[in-house]
Amino acid sequence: MYKNLSDVLKAEGITQKEYGILLGISEKSITNKISGVTEFTYSEFKKTMLLLKKYNADFLFAESNPKSA
């Protein structure tokens, strides 16, 4: 799960629906990506970093519950 990304979106007043529109994907897809069910594409990552320029990528995309190997 990308808790930092979720928290930053909330702090910036960006809903998952709005974030999905920016990325060109559904709200359900955003939920799956933030919860770690599916991965972000490079294009989605780049759009996220343009939207949230003042945040570090390592911080935003740090996994709060890393998957077991």
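This briefing looks at helix α3 and the aromatic residues around Phe 40. Keep in mind that the model is predicted. Helix α3 spans residues 27-34 and has buried residues covered in part by other helices. Just past it, Phe 40 pairs with Tyr 2 and also has the charged end of Lys 33 over its ring.

**Helix α3**
- Four residues of α3 are buried: Ile 30, Asn 32, Lys 33 and Ile 34.
- Their cover includes α1 (3-11), α2 (16-23) and α4 (42-51).
- Right after the helix comes Gly 36, with a positive phi of about 90 degrees.

**The Tyr 2–Phe 40 pair**
- The count of aromatic pairs comes to 5.
- Take Tyr 2 and Phe 40: their ring centres are 5.7 Å apart and their planes sit at 70 degrees, past the 60-degree cut-off, so this pair is edge-to-face.
- The pair ties together distant parts of the chain, with Tyr 2 in the segment before α1 and Phe 40 in the loop between α3 and α4, 38 residues apart.
- Tyr 2 has a relative accessible area of 13%, so it counts as buried.
- Phe 40 comes in at 15%, so it is buried as well.

**The wider cluster and a charge over a ring**
- Tyr 2 and Phe 40 belong to one aromatic cluster with Tyr 42, Phe 45 and Phe 61.
- Lys 33, one of the buried residues of α3, puts its charged end over the ring of Phe 40, 5.8 Å from the ring centre.

How values were computed. Residues are numbered from 1 along each chain as its sequence is written. This is a predicted model: local features need pLDDT of at least 70, side-chain atom pairs count only at pLDDT 80 or more; totals for chains, interfaces and linings use all residues. Side-chain values use heavy atoms; hydrogens and water are left out. Buried means under 20% relative accessible area, exposed over 50%, partly exposed in between (1.4 Å probe, protein chains only). Helices (H or I, at least four residues) and strands (E, at least two) are DSSP runs, numbered from the N terminus. Contact means heavy atoms within 4.5 Å. Rings of Phe, Tyr and Trp (its six-membered ring) pair if their centres lie within 6.5 Å; planes under 30 degrees apart count as stacked, over 60 as edge-to-face and the rest as tilted. A charge sits over a ring if NZ of Lys or CZ of Arg is within 6 Å of the ring centre and within 35 degrees of the ring normal.
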